Number of protein chains: 2
Amino acid sequence: MSGLKDDLMARVRPDIEKIEAQLKANLTPHFDLVSRTAGHLMFAGGKRLRPLLIVLSARLCGFDDPFVYKFAGIFEYLHTATLLHDDVVDGGTVRRGKPVTHSIWDAPTAVLTGDFLLARALSIASETQNPRIISVVAEVTEQMAEGEIYQLDKKGDLSFSEAEYMDVIFRKTGVLIQGACRTGAMLANARPQWESALSDYGRNMGIVFQIADDILDYIADARELGKAVGADLKEGKLTLPVIYALKQADPGDRAEMEGIITRPDFLEADFNCLIELINRYDGIEYAQKTAAHYLDCALDSLKPLPDTPTRDLLAMVAEYALKRRK
Amino acid sequence: MSGLKDDLMARVRPDIEKIEAQLKANLTPHFDLVSRTAGHLMFAGGKRLRPLLIVLSARLCGFDDPFVYKFAGIFEYLHTATLLHDDVVDGGTVRRGKPVTHSIWDAPTAVLTGDFLLARALSIASETQNPRIISVVAEVTEQMAEGEIYQLDKKGDLSFSEAEYMDVIFRKTGVLIQGACRTGAMLANARPQWESALSDYGRNMGIVFQIADDILDYIADARELGKAVGADLKEGKLTLPVIYALKQADPGDRAEMEGIITRPDFLEADFNCLIELINRYDGIEYAQKTAAHYLDCALDSLKPLPDTPTRDLLAMVAEYALKRRK
């Protein structure tokens with residue numbers, strides 16, 4: 001595993017460095033406060049997965065103009081905007097191992113900084129002068145907001161189903177990563193089959209990434225993850241390992257799990273007990289298998305694309321999304 | 001005055017009705033909750049000033065395609081998004097005479113509904129397939145967010161100057177109304193002089209509108225205004241009547257005013273005393289004169305445009321912005 005990570009990191013480092021430089025350069029609002037608040041989370045060691053996927057998608061379709069690095073920032077700004085608003089929404093305390101933005105400044109500043117980043121993303125999109133690309137960016141933003149509202153509405157709902165979960169993670173993560181890969185292809189003026197292949201890759205890859213992220217909440221410790229243990233559950237978010245285990249559990253175990261889930265501020269001992277119950281019903285294993293299925297789909301989606309080192313890199317990124325431990 | 005209002009309303013009613021219908025029709029997200037939360041404030045009797053200005057600007061430049069009514073919604077959605085986020089940011093309680101959205105649902109829902117409306121606005125903009133229009137809409141959104149952050153940063157700052165105030169209201173209100181008038185002209189493919197004239201009209205008209213709005217906080221009663229008396233001040237926002245009076249006041253009166261302003265949850269008697277002090281130094285009169293100056297600028301800006309009943313209407317709207325009592 002650490003072989004895959006090291007190999008991947010070595011290959012993408014030059015791109016990541018250019019992405020970082022552009023993320024900073026394009027965050028030039030008139031007021032210093034905006035730079036500081038936006039920068040707090042933006043430069044706290046995000047993985048830059050979304051911009052990287054744009055750069056690789058565009059390159060795979062033959063586009064290697066330096067503008068791609070500026071353009072790639074769009075999806076990192078959108079992502080950061082949703083994280084800022086999410087943390088306010090969820091009352092989170094730690095993100096990427098740092099106190100959340102709204103605890104250093106305040107919730108209003110975090111909300112407005114998110115708005116600024118949403119707008120910044122759409123401003124950069126409009127620089128392409130390409131109405132199709134702009135439409136995709138606007139639609140992605142719209143779908144993400146709807147997905148978040150839907151998730152919020154379902155908060156703490158113990159009957160939240162696997163199908164509803166898949167719908168939420170597609171909207172929350174899938175559409176953004178799909179949009180990144182697709183607009184990368186659009187930037188390259190790729191033939192329709194390639195655009196559609198990269199769009200499929202992105203959708204599947206986004207689902208892999210989010211399921212893997214949700215699994216981490218049940219296996220990683222807080223230091224590794226940069227957020228509190230059991231954070232999703234404390235926010236009333238049911239994810240696949242729990243959803244599956246709840247469905248499989250006998251009435252007694254189900255009642256015990258529900259008791260822990262609905263208890264505000266459960267203790268670490270409760271959480272460990274919950275993990276035991278989830279494992280008894282193979283909840284984590286099921287989630288891993290589901291993610292592996294979408295990984296296969298992601299790899300299949302790449303087939304119509306030219307067989308180049310860049311395509312191999314996209315495959316590696318998808319594999320890493322599943323196997324990463326933080 | 002009620003003559004101007006009645007006359008204006010009678011003339012614009014058919015447009016307003018079409019705008020209302022489109023605002024509803026284009027608010028069709030997948031989840032009912034989004035419609036309800038967005039609709040709560042959206043259909044609480046807003047004046048629809050921004051969409052009306054688009055329709056009139058486009059018509060004055062010769063564009064009367066029904067698409068203008070859909071397009072006009074962009075600026076109402078943007079406006080509503082900022083109101084939703086503002087109310088969360090300011091901790092407001094009443095808006096347009098109704099409890100604020102975040103008190104009926106919650107702050108997270110209000111934040112996410114605002115995000116959805118921002119994205120919806122940009123989606124409609126992208127339907128024009130016109131990159132210049134899309135750029136303007138994105139830039140307007142960006143500037144508004146920056147303006148809000150700047151205002152937040154200056155909250156409660158007793159040295160907040162008239163120049164800083166003008167900068168904030170330009171960003172908060174001016175850019176949106178300027179953008180509405182300008183994109184109306186762009187939709188009509190207007191010649192550059194007309195686009196620039198409508199852009200100037202919008203900027204000046206936006207400043208008139210905001211100063212008049214800020215004056216109302218000191219002269220209207222809560223029922224008329226649909227928000228609490230002294231609301232701006234309670235939120236730590238210094239507006240022109242106070243800024244001017246503070247600057248003019250002798251040290252004793254200034255100290256008394258500062259005492260009231262900085263007292264959290266001042267009483268109505270305190271507020272009445274403050275108004276007396278503001279009037280002693282002609283704060284309201286000065287603000288009215290300033291607004292009247294920008295009204296003259298707005299009317300001047302209209303001169304290069306064709307002398308038609310639509311141009312007269314734009315002039316009436318600007319006059320009404322200054323003279324309205326709620």
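The following paragraphs describe the confidence, the chain arrangement and selected helices of a predicted model.

For the complex of this predicted model, the predictor reports an ipTM of 0.80 together with a pTM of 0.84. The mean pLDDT of chain A is 87, and 87% of the residues score at least 70. Among the elements of chain A, the lowest mean pLDDT, 49, belongs to helix α10 (residues 222-225), whereas the highest, 97, belongs to helix α15 (residues 283-301). Where pLDDT is low, the predicted coordinates should not be read in detail.

A turn of 180 degrees, combined with a shift of 0.1 Å along the axis, lays chain B on chain A with an RMSD of 0.0 Å. That is the relation of a two-fold axis. In chain B, the C-alpha atom nearest this axis is that of B:P131, at 3.2 Å from it.

Contacts between the chains involve 36 residues of chain B and 36 residues of chain A. On the side of chain B that touches chain A, at least two residues each are supplied by α2 (32-42), α4 (67-90), α6 (107-127) and α7 (131-153) of chain B, and α7(B) gives the most, with 14 residues. The residues on this side of chain B comprise 20 nonpolar, nine polar and seven charged. Because 100% of the interface residues of chain B are also interface residues in chain A, the copies meet through the same surface.

In chain A, helix α7 (residues 131-153) contains 23 residues and reaches 33 Å from its first C-alpha to its last, close to the 33 Å expected at 1.5 Å a residue. Of the 23 residues of α7(A), 18 are buried, so this helix is largely enclosed by the rest of the structure.

Two further helices of chain B were examined for the distribution of their buried and exposed residues. For helix α14 (residues 268-280) of chain B, the 13 residues should span 18 Å at 1.5 Å a residue, and this agrees with the 18 Å that separates the end C-alpha atoms. Buried residues in α14(B) include B:L274, B:I275 and B:I278. They cover an arc of only 100 degrees around the axis, which places them on the same side of α14(B). The face turned away from the buried side of α14(B) carries the exposed residues B:A269 and B:E276. The cover over the buried residues of α14(B) includes α9 (192-219), α12 (240-248), α13 (251-262) and α15 (283-301) of chain B. Just after α14(B), B:D282 adopts a positive phi of about 55 degrees.

Helix α16 (residues 309-323) of chain B has 15 residues, which should span 21 Å at 1.5 Å a residue, in agreement with the 21 Å between its end C-alpha atoms. The buried residues of α16(B) are B:L313, B:L314, B:V317, B:A318, B:Y320 and B:A321. They cover an arc of only 160 degrees around the axis, and are therefore on the same side of α16(B). On the other side of α16(B), B:P309 and B:D312 are exposed.

Contacts of B:L60, a residue of helix α3 (residues 49-60) of chain B, extend to this part of the chain. With 26 other C-beta atoms within 10 Å, B:L60 is buried. Apart from neighbours within four places in sequence, B:L60 is in contact with B:L305, B:P306, B:T308, B:T310, B:R311 and B:L314, the last of which is among the buried residues of α16(B). B:L60 and B:N204, which are 144 residues apart in sequence, are 18 Å apart in space, C-alpha to C-alpha.

Definitions and conventions
Residues are numbered from 1 along each chain as its sequence is written. Chains are lettered from A and ligands numbered from 1 in the order in which they are written. This is a predicted model: local features need pLDDT of at least 70, side-chain atom pairs count only at pLDDT 80 or more; totals for chains, interfaces and linings use all residues. Helices (H or I, at least four residues) and strands (E, at least two) are DSSP runs, numbered from the N terminus. The expected span of a helix is 1.5 Å times one less than its number of residues. A residue is buried if 20 or more other C-beta atoms lie within 10 Å of its own, exposed if 12 or fewer, and partly exposed in between; C-beta atoms are placed from the backbone. The arc is that of the directions from the helix axis to the C-beta atoms. Copies are superposed by least squares on the C-alpha atoms of residues with pLDDT of at least 70 in both. Two residues are in contact if their C-beta atoms, placed from the backbone, lie within 7 Å. Ala, Val, Leu, Ile, Met, Phe, Trp, Tyr, Cys and Pro count as nonpolar, Asp, Glu, Lys and Arg as charged, and the others, Gly among them, as polar. pLDDT is the predictor's confidence in each residue, from 0 to 100.
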